[in-house]
Structure formats: C-alpha cells, structure tokens
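Let's take a walk through this structure together. Have the sequence and the 3D view open as you read.

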Amino acid sequence: MSINLLETVQKNLGYPPLHKIDPNTQDVYENTPAEDKFSQAAIPAVLTAMYNYVQSDEGAAAFLQNDNSTNWISKIFDDKTKKAVDTISSYALQSNADPILSVNEIAAEAVKVVKENISEHADIKEVKLFFSNQINTILLYLPAALHMGKLLQNDTLDDTTNKMEGPVSGLMKSIGSVFSTPVTDKEIKVQ
C-alpha cells in the first residue's frame, strides 16, 4: 500500500493542508496564514530529519526497536535539536511558544504511521526504502529558509531541484531513486 506520509501525518494531527514550495522563489506557492506556518515548517522538517536519521543502519535499527513514546526529536536532530526547533519557531514566527512538544508529537505520529505501513517483521532495508520512497514528496514542501540540509549535514536535502516538478524533473528523480536505493553495511562487498 502506497501512502503519502507527509499528508497522512498532517491529517492525523489535524493540521491545515501544507503548500508546495515554489522552486523559483523558494517560498510557498500560496500565501500561508501565520497560524499555518508552524505545520508548514515542522512537518516536512521532522520528516526530512527522520529520513536522514534512518539512512544509517544504526538509525534504522533504532527506528524499528523503539516504541512510540521515544523522544524522537533528540534522536533525529541529535545535538542540533535546539537549533532545529529554534529554526522552525523562527520560520513560524512563534517567539513565545515552546514547540518541542508539538514537534515531538509530529515525529511520534510519523513513526506510528510508518510502522503501520511496513511489514510486522520489517528490517532496516525496508525502513530505508520506505523513507527513500517518501523523500521526494517531503522535499516539495520543505521551506528553503529552514536550511535543513545544512543543519543535518546533508546538502542534497537543500538542493532546489528537489522542489521542481514536471516530466523532466520526474524522470531525473526516478533515475536518481534507482541509483540511491538504500543498501545496508552487510550488503557492501569488500573487494
């Protein structure tokens, strides 16, 4: 069953629909009301960080082993948790609110949705593959102003071509997905 993780998390938590980022202006296509900016920043940022986290075998294994009550934000952002939450708050213009609980709620919901949509005895490759299949959609909604790629030390996440759509962009993403199918350390052969 194919799902849209970003949309499912947004709907399950009752947030307003998210808007795609315009690849030319690097901002949302439509004017996002101030009260909707938190979800516009937090949901794609958390899912991008989660994708980045499970790309390591250790991260994918931890994802499978932990229950939904885990403090996911400190896991996926590691020592950059405060900076990530501050960046989301700044984008959302929430200077007085403490969004850590809301951001962690988004992460916990994402974990729940993923675990409901992978096999009961999933392995790390299945988790990596699930997120690899979702990342192109997630990045279409990730505001460039957050600089998540820089924060997560994965510059490919900030690449503006991730926000482009159309037949050529779709073809290039498909080709890239074929070559970036996740492998585990156990599958790497030393020559």
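A salt bridge, as the term is used here, is a side-chain nitrogen of Lys or Arg within 4 Å of a carboxyl oxygen of Asp or Glu. Asp79 and Lys80 fit that description, with their side chains meeting at 3.5 Å, N to O. Keep in mind that you're looking at a predicted model. Of this pair, Asp79 counts as exposed, at 63% relative accessibility, while Lys80 is partly exposed at 26%.

How many salt bridges does the structure hold? There are 5, and two more of them are worth a stop. Side chains of opposite charge can pair when their charged atoms come close. In helix H1, Glu7 and Lys11 sit 4 residues apart, about one turn of the helix, and their side chains form a salt bridge at 3.4 Å, N to O. An α-helix has 3.6 residues a turn, so residues three or four places apart point the same way. Glu7 is partly exposed, with a relative accessible area of 37%, whereas Lys11 reaches 54% and counts as exposed.

Now hop over to helix H6, where Glu109 and Lys112 are 3 residues apart, again about one turn of the helix. The closest N and O atoms of their salt bridge are 3.3 Å apart. Is Glu109 buried or exposed? It is buried, with a relative accessible area of 10%, since the cut-off for buried is under 20%. Its partner Lys112 is partly exposed at 32%.

Back to H1, which runs from residue 5 to 12 and packs against H2. The angle between these two helices is about 130°, and their axes lie 10 Å apart. H1 and H2 are therefore oblique to each other, and H1 passes H2 in a right-handed crossing. On the H1 side, Leu5, Leu6, Val9 and Gln10 make the contact, meeting Ile43, Pro44 and Leu47 in H2. Sort the residues of this contact by type and you get 6 nonpolar, 1 polar and no charged.

H2 turns up again around helix H5, which spans residues 81-91. In H5, the buried residues are Thr81, Ala84, Val85, Thr87, Ile88, Ser89 and Tyr91. What covers them? The cover includes helix H2 (37-54), helix H4 (72-77), helix H6 (100-117) and helix H8 (148-151). So the H6 that carries the Glu109 and Lys112 pair is also among the helices covering H5. Just after H5 comes one last detail to find: Leu93 takes a positive phi of about 60°.

Technical notes
Residues are numbered from 1 along each chain as its sequence is written. This is a predicted model: local features need pLDDT of at least 70, side-chain atom pairs count only at pLDDT 80 or more; totals for chains, interfaces and linings use all residues. Side-chain values use heavy atoms; hydrogens and water are left out. Buried means under 20% relative accessible area, exposed over 50%, partly exposed in between (1.4 Å probe, protein chains only). Contact means heavy atoms within 4.5 Å. Axes are lines fitted to C-alpha atoms, for helices over the stretch in contact, and angles run from 0 to 180 degrees between N-to-C directions. Angles under 35 degrees count as roughly parallel, over 145 as roughly antiparallel, 65 to 115 as roughly perpendicular and the rest as oblique. A crossing is left-handed if the near helix is turned anticlockwise from the far one by less than a right angle, and right-handed if clockwise. Ala, Val, Leu, Ile, Met, Phe, Trp, Tyr, Cys and Pro count as nonpolar, Asp, Glu, Lys and Arg as charged, and the others, Gly among them, as polar.
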